[in-house]
Amino acid sequence: MSTKTTTFPDGFLWGGATAANQLEGAYRSDGKGLSVADAMPGGKQRFQILGSDTFNWEIDEDKFIYPNHRGIDHYHRFKEDIALFAKMGFKCYRFSIAWARIFPKGDEATPNEAGLKFYDQVIDECLKHGIEPVITISHYEMPLHLAKEYGGWKNRKMIDFFEKYATVVLTRYGKKVNYWMTFNEINSAFHFPALSQGMVKATGAGDYQNVFQAWHNQFVASAKAVKIGHEINPDMQIGCMIIYATTYSIDANPINQMATLAQNQEFNFYCTDAQVRGEYPAYQQRMFDKYGVSDLEIGADDLELMKQYSVDYIGFSYYMSSAVNETAEEEDTVIGNLLGGVRNPFLEASEWGWQIDPEGIRIALNELYDRYQKPLFIVENGLGAIDKVDENFYVEDDYRIDYLRRHIEAMSDAINDGVDLMGYTPWGCIDLVSASTGEMSKRYGFIYVDLDDNGEGTMNRYEKKSFNWYKQVIETNGSDLN
């Protein structure tokens, strides 16, 4: 039992987070086009297949992995799901818009009205329950046509396509929705461009020149979205969104210390510097030299746009920390949320090998706030685990409660350190399909969904033990974590 005193500011945004391509299903309903997420294979070999030299986005729809595309049928059950979120007391709900629902191919002249009406309903349902929508414009998803025909984000034409899409959704929903993010985990492309940039090796993902060019195009597109949003609603808050992995040197060896500094700059800070400070960092040239990148294609107004329309806040995911050891001849490595590292002997790990480090979230919050002095929003955090249900479909997930409790305590410590933290939306607040494997068995939610990796199950929803625990956390504004 926790006896620690925790404090959170009035108006703190407690909630949960999901992504369209992992829960909606209905992947061809009401005019929706195929997205890159729809073309990703299911199963534990997903990343190996996507990272191979031969994968080229060509797909056989008859061989789609079932859970991948059925999701948890949130498209037809969103009212039921949002009612459950309201029962927990959510102050906000982070979800994403499926770009291919609005522009099925991505380069059409006019949007798909049926897709727009769906999100009208989702937003209105949230507001009916007093839940503030927090919308990600592009969450590991873009129309498959844009990836195949234009090569993904390395193509500057993508800026115009995204600007049109952002204009449509910000105009349609901007008077109702106050919180937005442009690109989910934009820095993930450093290790895996398929998810956020729509590029595989067959279309240039193996060349860092393309990755950095794609980032530049996304930075410009993000700035344009900020400009559009602020013109529609001056009070609108538009943030960036990154993976943050607190990074430690394995020891005090200056070689490892320098390697740790470089990894922090390259992974944790490069994309954030560009979107928050609105300019490229001084260490960019060192990165270009290291990764063989020459001058980028930069439009005449690009840098001014980036500077003038930087983001309002920093959204980030935190699941684990990372350790660096450049001096060891052999090292015991671990896996993680796209970024692994060497094993930290002071930490335990989840069933998926992700090292659990609650104190690391306090360090992350301090590092980000000290560097940028902009409000922070933890929009993903949680424990992926295999949940066991009893005969009544009840899950006694004390392991999840313990994980979340320790991270919330560390968040409170960071607030007492002086950090401006807006809110907290644990990932997969309802069980959904894994982004890394296309499976259901890796569960994060407070709500159990009766669906297995083969697509079998009723898809009925059941409250886990953590459901009522998190309800209590929200009711007490984080002061009662027992």
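Here are three short exercises, with worked solutions, on a predicted model.

**Exercise 1.** Work out what kind of ring pair Phe-190 and Tyr-208 form: stacked, edge-to-face or tilted.

*Solution.* Start with what you need: a pair of aromatic rings is described by the distance of the centres and the angle of the planes.
- The centres here lie 5.8 Å apart, and rings pair if their centres lie within 6.5 Å.
- The planes meet at 45 degrees. Stacked needs under 30 degrees and edge-to-face over 60, so this pair is tilted.
- Now place the partners: Phe-190 is in the loop between strand E4 and helix H9, while Tyr-208 belongs to helix H10, 18 residues apart.

This is one of 42 aromatic pairs in the whole structure.

**Exercise 2.** Decide for Phe-190 and Tyr-208 whether each is buried or partly exposed.

*Solution.* Buried means under 20% relative accessible area.
- Phe-190 has 8%, so call it buried.
- Tyr-208 has 26%, so it counts as partly exposed.

**Exercise 3.** Find the residue that UniProt lists as "active site" and describe its surroundings.

*Solution.* Take it in steps.
- The UniProt entry, which is unreviewed, gives Glu-380.
- Look for Glu-380 in strand E13, residues 376-380.
- Its relative accessible area is 4%, so Glu-380 is buried.
- Next, check who touches Glu-380: among them are His-139, Asn-184, Glu-185, Tyr-318 and Trp-427.
- Finally, zoom in on Arg-94: its side chain makes a polar contact with the side chain of Glu-380, at 3.0 Å.

How values were computed: Residues numbered from 1 in each chain as written. Predicted model: local features only at pLDDT ≥ 70, side-chain atom pairs only at ≥ 80, totals over all residues. Heavy atoms only, no water. Phe/Tyr/Trp six-rings, centres within 6.5 Å; stacked < 30°, edge-to-face > 60°. Helix = DSSP H or I, 4+ residues; strand = E, 2+ residues; numbered from the N terminus. Buried < 20%, exposed > 50% of the residue type's maximum accessible area, 1.4 Å probe, protein only. UniProt positions renumbered as here; feature names shortened; annotations may be inferred. Contact = heavy atoms within 4.5 Å. Polar contact = N/O pair within 3.5 Å; in protein donor to acceptor, adjacent residues only side chain to side chain. Lists of a residue's contacts leave out its neighbours within four places in sequence.
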